[in-house]
Amino acid sequence: MLIPAPNPRFAPSSPDSIALITCTPDTVDAALGALPKSQASWARAQGFQGGVADCVVLPNAEGGLAAALIGLGDAKAQKRDRFLAAAAMRKLPSGVYQFADGLAGAALEEACLGWLLETYRFDRYAAQKPMAAQLVAPDGVDAERLEIIAAGEFLTRDLINTPASDMGPDNLEAAARGLANTHQAKIDVTTGDALLAANFPMIHAVGRAADRAPRLIDMRWGKAGPKLTLVGKGVCFDTGGLNIKPGASMGLMKKDMGGAAAVLGLAHMIMALGLPMQLRVLIPAVENSIGGNAFRPQDILTSRKGLTVEINNTDAEGRLVLADALALADEDAPDQIISMATLTGAARVAVGPDIAPFFTDDDGMANHIAAASRAVADPVWRMPFHDPYEAMIEPGVADLDNAPKGGFAGATTAALFLRRFVDTAPYTHFDIYGWQPTAAPARAKGGVGQGTRALLHALPDILGF
Ligand code: BES
Ligand code: MN
Ligand code: ZN
């Protein structure tokens with residue numbers, strides 16, 4: 001089944017829109033001072049101080065809604081979280097609102113995008129109450145761009161939130177085909193035993209024990225301009241394979257296609273914005289299942305690139321399927337290759353669920369991504385491709401070890417493993433979590449895109465257009 005195209009939209013501007021006044025604890029006195037006395041007293045009586053998620057509606061003489069005040073919190077609170085306007089806007093009563101005051105520039109953009117993202121609901125299996133407040137896009141904000149970004153993010157969230165029962169490799173393919181169709185992109189999919197004939201042996205090995213056949217999805221869009229290839233881990237469910245995960249570790253593994261969901265969301269943004277570039281998206285889509293034909297510990301696989309890999313843990317499957325996809329990406333020498341994957345538990349231990357760690361050898365690339373991350377409130381952090389650890393992924397009996405013993409630097413050794421499959425292009429890898437463990441402003445609990453908005457923002461610098 002296809003995921004319906006999510007369509008977050010600002011409200012059309014209306015003469016009846018309700019003024020939305022933002023305050024911080026520092027500006028609350030000035031803001032209340034500018035109101036009619038009765039309204040200011042009303043806000044004070046409600047205890048409104050401009051703190052995080054403070055929200056007060058102001059009545060007019062007829063008892064209708066004259067305006068609303070929302071708090072953004074002080075500088076310390078704003079350092080502790082992002083999209084704070086959304087935290088208050090979710091409390092507003094039904095109505096069409098319009099920012100009426102001094103919010104400008106990046107803060108205004110963030111407030112508008114925050115509202116769009118806050119409207120997300122995953123309602124495929126049960127109806128959810130929609131957000132009551134609608135927002136008119138203010139002048140000077142690129143409303144269409146923000147709507148496209150939110151739509152890409154919603155696609156990512158829907159793909160991750162859909163359980164593996166409805167999001168197998170076949171469903172992920174259908175979603176990619178739907179997206180390709182929307183944007184007139186070209187798409188080729190290699191499925192099942194055809195993976196062997198087409199030389200994707202590790203994608204086949206990881207996915208062959210599942211009833212739903214493994215596949216490689218290859219989407220291309222754009223006729224001219226610099227070439228970017230995105231590669232996303234599409235493990236639709238990760239049982240761990242024969243090295244089965246304990247229940248607690250398996251509990252969230254429907255999200256193990258979070259990298260694929262993220263690159264599809266980013267691809268939507270790029271294509272809908274019509275960026276002047278050539279995009280390729282590669283997704284190895286598999287289920288890491290258990291069966292008599294499952295790949296085993298100590299099997300040695302020969303990868304597409306020819307490098308041999310000793311399997312020391314069938315739960316280190318992501319790097320195997322990505323390796324064959326990266327080898328293909330590398331064959332046409334694009335200007336950049338970027339992979340996104342829910343690859344290691346070690347990345348979570350290192351930076352927690354809120355930060356997307358990324359690896360690149362290029363300081364300029366790292367700076368572009370870090371600057372964009374700050375500009376669009378999409379936190380990332382650079383981690384090292386530490387060459388001295390290369391020895392840790394060399395088992396002797398084969399070229400590579402998929403699961404080095406010892407557990408040191410697990411995110412780095414996984415990233416180094418992937419880097420072995422890229423020779424011709426600058427390479428960046430994101431080890432994302434793809435999941436918001438508890439609801440936060442503009443991030444509902446559940447699937448979430450990470451690093452995608454930062455990458456979108458950085459693309460002109462990265463690719464030079
Ligand atoms: N999908 C997991 C990684 C993961 C686990 C991401 C939990 C986010 C949350 C991956 O396939 C995996 O199982 N990795 C192993 C690798 C190990 C066996 C070398 C890990 O990180 O424990
Ligand atoms: Mn695994
Ligand atoms: Zn996995």
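In this predicted model, three strands form an open sheet in the order β11-β12-β16, and the pairing within that sheet is mixed. The strands β11 (300-302) and β16 (400-401) stand at its edges with a single partner strand each, so one side of each is left without a neighbour in the sheet. The points below continue with this sheet and then turn to a hairpin, the domains and the largest pocket.

**The open sheet**
- Strand β12, which covers residues 308-310, pairs with β16 in the parallel sense, and two bridges hold this pairing in the description of the sheet.
- One bridge can be followed residue by residue, since Glu310 has Asp401 in β16 as its bridge partner.

**The hairpin of β2 and β3**
- Strand β2 (residues 55-59) has two faces, of which one, made up of Val56 and Leu58, is covered, while the other, made up of Cys55, Val57 and Pro59, is uncovered.
- Strands β2 and β3 (residues 65-71) run antiparallel to each other and are joined by five bridges.
- Pro59, which belongs to the uncovered face of β2, stands opposite Leu65 in β3.
- Five residues lie between the two strands of this hairpin, and in the hairpin Gly63 takes a positive phi near 85°.

**The two domains**
- The domain assignment of the chain gives domain 1 as residues 18-141 and domain 2 as residues 147-463.
- The C-alpha centres of domain 1 and domain 2 lie 37 Å apart, and the two domains also touch, with 18 residues of domain 1 in contact with 21 residues of domain 2.

**The largest pocket**
- The largest pocket has a volume of about 690 Å³, and 34 residues line it, with Lys245, Leu343, Thr344, Gly345 and Ala346 lying nearest its centre.
- The elements that each give two or more residues to this lining are the helices α10 (247-250), α12 (318-331), α13 (345-351) and α15 (410-419).
- Helix α13 supplies the largest share of the lining, which amounts to three residues.
- Sorted by class, the lining of the largest pocket holds 13 nonpolar residues, eleven polar residues and ten charged residues.

Conventions:
Residues numbered from 1 in each chain as written. Chains lettered and ligands numbered in written order. Predicted model: local features only at pLDDT ≥ 70, side-chain atom pairs only at ≥ 80, totals over all residues. Heavy atoms only, no water. 1 Å grid on protein atoms, 1.4 Å probe; cavity = no way out; pocket = protein on both sides within 12 Å on 5 of 7 lines; lining within 4 Å. Points joined across faces, edges and corners; volume = space filled by probe spheres on them. Helix = DSSP H or I, 4+ residues; strand = E, 2+ residues; numbered from the N terminus. Nonpolar A, V, L, I, M, F, W, Y, C, P; charged D, E, K, R; others polar. Buried < 20%, exposed > 50% of the residue type's maximum accessible area, 1.4 Å probe, protein only. Pairing = 2+ DSSP bridges. Domains from an automatic or database assignment. Contact = heavy atoms within 4.5 Å.
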